[in-house]
Amino acid sequence: MIYDEIKKANVEAMKEKNALARGIYSVVMNKLMLEVIRKREKGEELTDPDTVNILQKTIKELGEEAENYTKAGNSEAAENSRGQIAVLEKFLPKMLSAEEIKAIILTLPDHSVPTVMKHFKANYNGACDMRLVQEVLRTL
């Protein structure tokens with residue numbers, strides 16, 4: 001599981017005294033623990049797609065943070081945020097390309113928007129950009 005990989009990376013960052021990585025791993029692990037608690041209340045377990053969603057949201061937040069720091073003229077803090085993004089991106093799965101998405105859509109019996117979106121949400125959650133799926137679907 002990705003969650004276990006993040007825990008191992010956190011331990012490695014502690015051993016290496018890597019403050020940048022340690023800081024972002026702590027934030028992500030806290031978010032993941034909150035999600036584990038929410039899932040446990042429902043009788044469910046944390047899955048890799050859940051972890052990927054949390055990572056993607058955190059990366060998006062860090063991107064916005066870096067942008068705001070750049071606007072404010074604080075280039076050092078902006079670089080720090082970009083460094084944290086790089087640390088987290090290695091845990092994300094390889095994203096599907098437009099050609100791969102098109103090939104998957106063509107194998108489906110029904111090419112209606114709701115059916116295609118449900119299929120990708122259920123089977124490729126976190127491994128594809130849903131906006132890209134919509135764009136590819138529009139071209140067919």
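What follows is a short walk through a predicted model of a single chain.

Start with the overall build. The chain holds 7 helices and 0 strands. Read from the N terminus, its elements run α-α-α-α-α-α-α. Along its principal axes, the C-alpha trace spans about 50 × 40 × 25 Å.

Next, consider how the chain is packed. It has 140 residues, and 34% of them are buried. Take the contacts with a sequence separation of 6 or more: 59% of these involve residues 24 or more positions apart. The accessible surface comes to about 9,000 Å². Carbon and sulfur atoms account for 53% of that surface. The chain carries 21 positive and 22 negative charges. The mean positions of these two groups are 2 Å apart.

Now look inside. In soluble globular proteins, nonpolar side chains tend to be buried together. The largest nonpolar core in this chain has 22 residues. The members that touch the most others are Ile 6, Tyr 25, Val 28, Leu 32, Leu 55, Leu 88 and Phe 91. Four helices give two or more residues each to this core: α1 (2-16), α2 (19-41), α3 (48-72) and α4 (75-89). The largest share, 7 residues, comes from α2.

Leu 55 shows how this core is knit together. Setting aside residues up to four places away in sequence, Leu 55 touches Ile 2, Ile 6, Val 28, Leu 88, Phe 91 and Leu 92. There is also a second, separate core of 12 residues. Its members include Leu 96, Ile 104, Met 117 and Val 133.

Tyr 25 is another good place to stop. This residue is found in helix α2. Its relative accessible area is 2%, so Tyr 25 counts as buried. Leaving out residues up to four places away in sequence, Tyr 25 touches Ile 6, Ala 9, Asn 10, Ala 13, Val 87, Lys 90 and Phe 91. Leu 108 lies 83 residues from Tyr 25 along the chain. The C-alpha atoms of Tyr 25 and Leu 108 are separated by 39 Å.

Polar side chains can be followed too. Thr 58 is found in helix α3. With a relative accessible area of 2%, Thr 58 is buried. What does its side chain reach? The side chain of Thr 58 reaches the backbone oxygen of Ile 54, at 2.8 Å. Beyond residues up to four places away in sequence, Thr 58 touches Ile 24, Val 28, Lys 31 and Leu 88. Val 28 and Leu 88 also appear among the residues that Leu 55 touches.

Ser 81 lies in helix α4. Its relative accessible area is 1%, and therefore Ser 81 is buried. The side chain of Ser 81 makes a polar contact of 2.9 Å with the side chain of Glu 65. Not counting residues up to four places away in sequence, Ser 81 touches Leu 62, Glu 65, Ala 66 and Tyr 69.

Turn now to the outside. Lys 17 is found in the loop between α1 and α2. Is Lys 17 buried or exposed? Lys 17 is exposed, because its relative accessible area is 73%, over the 50% cut-off. Its backbone also deserves a look. Most residues other than glycine have a negative phi. Lys 17 is not a glycine, yet its phi is positive, at about 55°.

Ala 19 follows in helix α2. At 63% relative accessibility, Ala 19 counts as exposed. Ala 19 and Val 133 are 114 residues apart in sequence. In space, their C-alpha atoms are 37 Å apart. Val 133 is one of the residues in the second core.

The last stop is Asp 129. This residue sits in the loop between α6 (113-123) and α7 (130-139). Asp 129 is partly exposed, with a relative accessible area of 37%. That value falls between the cut-offs of 20% for buried and 50% for exposed. Asp 129 and Ala 103 are 26 residues apart in sequence. From C-alpha to C-alpha, Asp 129 and Ala 103 are 15 Å apart in space.

Technical notes
Residues are numbered from 1 along each chain as its sequence is written. This is a predicted model: local features need pLDDT of at least 70, side-chain atom pairs count only at pLDDT 80 or more; totals for chains, interfaces and linings use all residues. Side-chain values use heavy atoms; hydrogens and water are left out. Buried means under 20% relative accessible area, exposed over 50%, partly exposed in between (1.4 Å probe, protein chains only). Contact means heavy atoms within 4.5 Å. Accessible areas come from the Shrake-Rupley method with a 1.4 Å probe; for residues, only the protein chains shown count as cover. Lys and Arg count as positive and Asp and Glu as negative; His and the chain ends are not counted. The place of a charge is taken as NZ of Lys, CZ of Arg, CG of Asp or CD of Glu. A nonpolar core is a set of buried Ala, Val, Leu, Ile, Met, Phe, Trp, Tyr and Cys residues joined through side-chain atoms within 4.5 Å. A polar contact is a pair of N or O atoms within 3.5 Å; within protein, one must be able to donate a hydrogen and the other to accept it, and residues adjacent in sequence count only if both atoms are side-chain atoms.
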